Amino acid sequence: MNFGPEKSQLFRFSVLKNTDYKPVFKPVPEKHKCIIFVLPFRTIIKPPRILFNKNEAYEYSPVVKQITNDIITNLGGNIDLGVHWRYNKGDWSHRCSATSSKQPPECKMMSKLNYKKVAEKLCQISKTATGGKNIYIAAPLSEIRIIEQVASNATSGIKIFNSNQMMQYASDKYGACSWFQDYEGEIISLVEQAIMSQVKEFLPWPTSSWSSRINDYRQKIHKWGSSNNLMQVFSESLNE
């Protein structure tokens, strides 16, 4: 399997014999001699050690790191509060169709959010936790209009950036590269994870494997959990 010189730097690989694969996951047909895992595992929070060395699996590839640094620099190099806004209609919102007792608490808040209050709360956290550095919100692109409403209400000279600005920059700079064309969605996701991994303060989305992997990586590099809570921000930002 030849991914070319550029693509080979994007992902890390772990190759196991079929016999080594079986104890970890469901058996695969005997005709398959080996299994290739693309690293890092974004949705496996604590990968079994039989697959690979944990530290190597959690590390971002050089290409992802380079894109991350380029984007942070392009956005002013002053981002130190990261927020994972996982909610979006049509995907995550399906959880809200369950019976009331089984619905996540977010379901009762999202339709009542006052975006001006959300922005004010986030800016206050930034002032307290980072000295007033800028904010980056990683969110599904389907929520971009809502995130822009939040961003337009930023206070205290703090800027709120989002996935749309990052994607625009990445597309302009790397859009002609074959590895970006082939893996755009995965690259964007990994770069946003890398941004969230290095900020001083990170507000995760509860029960999200994407957020959980970031928290695991932050522990690896000794960036500990935040005393601030995104759901608390939401609960204090509801319309009257």
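The chain folds into 11 helices and six strands. This is a predicted model. Of its 240 residues, 46% count as buried. Take the contacts in the chain with a separation of 6 or more: residues 24 or more positions apart account for 70% of them. On the outside, the chain exposes about 12,600 Å². Carbon and sulfur atoms supply 49% of that area.

Now turn to helix H4, residues 62-74. How far apart are its end C-alpha atoms? They are 18 Å apart. That agrees with the expected span, because 13 residues at 1.5 Å a residue should also cover 18 Å.

Next, look at which H4 side chains are covered. Val 63, Val 64, Ile 67, Thr 68, Asp 70, Ile 71 and Ile 72 are buried. The list includes Thr 68 and Asp 70 alongside valines and isoleucines. Helix geometry helps in reading such a list. An α-helix has 3.6 residues a turn, so residues three or four places apart point the same way. Follow the backbone past the end of H4. Just after the helix, Gly 76 takes a positive phi of about 110°.

Finally, move to Ser 208. This serine sits in the loop between strand S6 (201-203) and helix H10 (209-220). Is Ser 208 buried or exposed? Its relative accessibility is 8%, so Ser 208 counts as buried; the cut-off for buried is under 20%. The side chain of Ser 208 also has a polar partner in the backbone. One of its polar atoms lies 3.2 Å from the backbone nitrogen of Ser 211.

Notes: Residues are numbered from 1 along each chain as its sequence is written. This is a predicted model: local features need pLDDT of at least 70, side-chain atom pairs count only at pLDDT 80 or more; totals for chains, interfaces and linings use all residues. Side-chain values use heavy atoms; hydrogens and water are left out. Helices (H or I, at least four residues) and strands (E, at least two) are DSSP runs, numbered from the N terminus. The expected span of a helix is 1.5 Å times one less than its number of residues. Buried means under 20% relative accessible area, exposed over 50%, partly exposed in between (1.4 Å probe, protein chains only). A polar contact is a pair of N or O atoms within 3.5 Å; within protein, one must be able to donate a hydrogen and the other to accept it, and residues adjacent in sequence count only if both atoms are side-chain atoms. Contact means heavy atoms within 4.5 Å. Accessible areas come from the Shrake-Rupley method with a 1.4 Å probe; for residues, only the protein chains shown count as cover.
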